[in-house]
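Work through the exercises below with the structure open. Try each task before you read its solution.

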Amino acid sequence: MNKSISDIIEEFIKSSLDDDDFIELSRNDLAKFFSCVPSQINYVLNTRFTLNRGFVVESQRGGNGYIKLVKITDNNNNFLKNTLELTNKPMNQVEGNQLIEQMADKKIINQNEADLLKCTISAKALNNPINIDNNLRSGILKQVIIELLKRESKPKK
């Protein structure tokens, strides 16, 4: 059975990760190495290295662009990954506060962090019409959860 270029790129990246929790790669270098276009690398990253598969991908485009691939490894990550899906829909302030309290209850964040997050998603802070508030609130919480997933995945000292 012949493997597709996407399968080969995926295997290469996974083998480069080995036992490490993250790896930094150059999109252009990978494209040159595999004799493909950079969009092929993007395709592999967007379809094979997703949150649902246990990865967070950070990237920066441009001349010195890079790709940082973080492998999610901690117990709280299942909760965070499931919670992340909740942020794909508009969220009112009560729902946002409940989500933040769950993170505090699970000790993913401390109570001071929870209180600050609640302030950042409050109607007063967002100061927009209600339908925009709910979208902004979801977007803010989504980014917080992605950062928490990265933080939780870093090796403990």
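**Exercise 1. Fold inventory**

How many helices and how many strands does the protein chain have? Then give their order.

Solution. The model is predicted. Start with the count: the protein chain has eight helices and three strands. Next, read along the sequence. The pattern is α-β-α-α-β-β-α-α-α-α-α.

**Exercise 2. Burial and contacts**

What percentage of the residues of the protein chain count as buried? Add the surface and the contact separation.

Solution. Take burial under 20% relative accessible area as the cut-off. By that cut-off, 38% of the 157 residues are buried. Now turn to the surface. Its accessible area is about 9500 Å², and carbon and sulfur atoms hold 50% of that. Finally, consider contacts with a separation of 6 or more. Residues 24 or more positions apart make up 59% of them.

**Exercise 3. The cores**

Which elements give two or more residues to the largest nonpolar core? Locate its best-connected residues too.

Solution. The largest nonpolar core has 21 residues. Leu 80, Ile 100, Met 103, Ile 108, Ile 109, Ile 145 and Leu 149 have the most contacts inside it. The elements giving two or more residues are α4 (76-86), α5 (93-105), α6 (111-120) and α8 (130-153). α8 gives the largest share, five residues.

Now zoom in on Met 103. Set aside neighbours within four places in sequence. Met 103 then contacts Phe 79, Leu 80, Ile 108, Ile 109, Leu 117, Ile 145 and Leu 148.

Last, look for a second core. A separate one has 16 residues, including Ile 9, Leu 17, Leu 30 and Phe 55.

How values were computed: Residues are numbered from 1 along each chain as its sequence is written. This is a predicted model: local features need pLDDT of at least 70, side-chain atom pairs count only at pLDDT 80 or more; totals for chains, interfaces and linings use all residues. Side-chain values use heavy atoms; hydrogens and water are left out. A nonpolar core is a set of buried Ala, Val, Leu, Ile, Met, Phe, Trp, Tyr and Cys residues joined through side-chain atoms within 4.5 Å. Buried means under 20% relative accessible area, exposed over 50%, partly exposed in between (1.4 Å probe, protein chains only). Helices (H or I, at least four residues) and strands (E, at least two) are DSSP runs, numbered from the N terminus. Contact means heavy atoms within 4.5 Å. Accessible areas come from the Shrake-Rupley method with a 1.4 Å probe; for residues, only the protein chains shown count as cover.
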